[in-house]
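Here's a quick tour of a protein model, with a look at how some helices pack, a bit of enclosed space and a couple of backbone oddities. Have the viewer open as you read.

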Amino acid sequence: MVTIRRLVADPALELRVLEPGADGALDAEMRWVHTTELPDPSPYLRDRELVLTNGLWCAGPDDAETFVARVAGAGASGIVFGLRETVRQVPAELVGACHRARLPLIELSTDVPFTALSHAMATAYAEERQRELLGRIRRSDALTDVMARGAGASGILRVLRRDHDLPLAVIDRTARVVAAAGADLDSGQARLVAEALARHPPPLELDLGPGGYASIFLIAALGEVDAGLVCLRPMAELSPAEQDAMGQAASFLSLEVAKQQAVQAIEMRFAGELLDMVLSGPGRQAELPGRLRAFGIDASDPLAVCALAFADDDGLGSTGLGDAVTEFFVTQGVPVVTAAASQDVVVIVSWRAAETEFAALARRLVTGLAPRFGGRRLVAGLGGTAPDAAGLRRPVLEAREACRVLRRRSAGPAVMAYDDLNTHLLLLGRHDPETLRRFSSAVLGPLRAHDAARGGGLEASLRAFLDNDRHWAATAAALHVHVNTLRNRMTRVAELTGRDVNRTEDVVDLFLALRADTLRQLP
C-alpha cells in the first residue's frame, strides 16, 4: 500500500511533513499524484490523489484558504508544496489552511523535481502489485494443496486467515454453517444469510442485527448460488487486498462445493436405489447387505427406520432436508442411509438400543433442524425396528405411513410411531391381508378393470382427490388436468363403484379401500 509516510521515509525524495492532517491521514492509501497550478483543481482531481504544486496560483492572502478547501473537498490525500528559488519557505497561510482543514502538507526540497515523486509512486505501485501477485500465487498454491488433501472448506478458511485476520464463515442455502474461523453466528443469523442467498440477485452486504453488517462473497458451484463466504465486517472496512483474497477463496470454495454436491448426489442415488430394493420385496433382498455396507451399516444388525417431512409443505418438498438429516446422524456417530423422495426423507440406521431411545433421538432431530428451515413444522414417523435387513420392508412402509398421517395434522406431536397413531390404520391392521384384499377388490375392482382396459387413470385420480381433501382445484393442479376433466372422472368413479364422492359414507368406503390396499402390502 502506497502512503504519504512511505514516500516521506525515502531519503532521496527529501520530503518533510509540515502538517500531519487528520489521524491516520499519513498512513491512508493513495491513488496517484496530480501536479497542478490551477487555483481550482477540483474538477480534475480524483479522490486519494496527492496534489503537487509550486504555489503559482497564490496571488493574494486568501488564495491559500480557497485552494486548500477545494483540494480537501475533492478528497485529495494531501498537498506537496515544492520549494523554488524565489520561494524558499512554504507560505504560512498555506500551513494554517491545511491545519484547519486537517489536510496533510508536505514540503519538497528545491533539489528534487516533481517527476521524482511520480517515479517513486510508479515504482512503489509496481512493487505493491508484484507483492499482490506473488501473494495471490502463493495463496492459490496453498488453497490447491488443502483441497488436494481433502481439508475442505475449513482448510480454505485457515489459508485465508494466515494473511488476513478476519472473522469468516461459510453458510449454505439451508442455513447450515459449513465451516467457520473466528466467527460465531447463531442460527438466526445463519438463517438471514440463507434467505439473502435465495434472493435474485443476492446482496453483497447484509445487516445481521446486533452482529452488525457482514460482507458476502458468493459461492456458485454449478451456475446457481449454493453458499456464501461471509465476513463479519462491512465491505467498506475491507481493503482491496482483503476483498481480492476473499474473492479468490470463494472461487476455490465453489470447486469444493461442486465436489461435495457430486458426492452427495451419488450417495443419494445409491440410497434411493437401496430404498427401492427394500420396497420391491424378496426378489432383491440379496443385494441389500452390500448396499448397506457401503453406508457403514451391517445388514445383520437391528435397523431402525423413520420418515421425515415438512407438514403442509405447499409444494416446497423436502429440498435440503436429506443433507441436513445425514449431517445430524453423522455428528451423533450413527451410520445412516438417507433416501430423499419427493415428499419425505426415509432414514435407516443401525440401532441396538431401545426403540424409546430412537424416538428421543428423532425428537432431538426434529427440534434441532427446525431453525435451519425457517421454523417450518417438521414431522417424523417411526416404523419400529427390523431385526436385520431382511425385515426392513414393514418398518419402512409403516414409517412413511405414520409420516403421511402426521403431515396432515395441524397440531399434536411432531414425532410418533406407527403403532401409536390411533387412526383407522389400527382398525385395518387387525385384519389379515386376504380380508383386506377382498374388501379393496370389491370396492375398487371396477375402477382397476376400467384402467387396465382403457388407461383412464381413474384410481390414481381418486387417490389424489382424497389426498387433497376433495379440493377440486388443488387436485386438478396436482394431476395437471382441467377441473372439468377431474369432475368427469369422479362421475365415472361413481358410475363404476356405486359410490359418490359427495356422500360421506361412500367416501369412507373409497378411502378405506385405498388404505387397505396399501396395508396389505406389508409383509
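What follows covers two helix pairs, one cavity and two loop residues.

A word on ground rules: this is a predicted model, so local features need pLDDT of at least 70 and side-chain atom pairs count only at pLDDT 80 or more, while totals for chains, interfaces and linings use all residues. Residues are numbered from 1 along each chain as its sequence is written, and side-chain values use heavy atoms, with hydrogens and water left out.

Let's begin with the helix pairs. Helices (H or I, at least four residues) and strands (E, at least two) are DSSP runs numbered from the N terminus. Axes are lines fitted to C-alpha atoms, for helices over the stretch in contact, and angles run from 0 to 180 degrees between N-to-C directions.

| Helix pair | Angle | Axis distance |
|---|---|---|
| α9 (residues 321-331) and α10 (residues 355-369) | about 125 degrees | 11 Å |
| α14 and α15 (residues 472-479) | about 135 degrees | 9 Å |

The angle of about 125 degrees makes α9 oblique to α10; angles under 35 degrees count as roughly parallel, over 145 as roughly antiparallel, 65 to 115 as roughly perpendicular and the rest as oblique. On the α9 side, Leu321, Ala324, Val325, Phe328 and Phe329 make the contact (heavy atoms within 4.5 Å), meeting Phe358, Leu361, Arg364, Leu365 and Leu369 of α10. Sorted by class, that's nine nonpolar residues, no polar ones and one charged. Here Ala, Val, Leu, Ile, Met, Phe, Trp, Tyr, Cys and Pro count as nonpolar, Asp, Glu, Lys and Arg as charged, and the others, Gly among them, as polar.

α14 and α15 are oblique to each other too. Ser461, Ala464 and Phe465 of α14 touch Trp472, Thr475 and Leu479 of α15, a mix of four nonpolar, two polar and no charged residues. In the loop between these two helices sits Asp469, which has a positive phi of about 55 degrees although it isn't a glycine.

α14 (458-467) turns up again at the second largest cavity, where α14 and α17 (504-519) each supply at least two lining residues. The lining consists of Arg463, Leu466, Asp467, Phe511, Leu514 and Arg515, split into three nonpolar, no polar and three charged.

One last backbone feature: His200 and Pro201 are joined by a cis peptide bond, with omega about -5 degrees. Pro201 lies in the loop between α6 (187-197) and β8 (205-207).

For the cavity itself, the term means a set of points on a 1 Å grid over the protein atoms alone where a 1.4 Å probe fits but cannot get out, with lining residues having an atom within 4 Å of a point.

Conventions. On a 1 Å grid over the protein atoms alone, a cavity is a set of points where a 1.4 Å probe fits but cannot get out, and a pocket is an open set with protein on both sides within 12 Å along at least five of seven lines; lining residues have an atom within 4 Å of a point.
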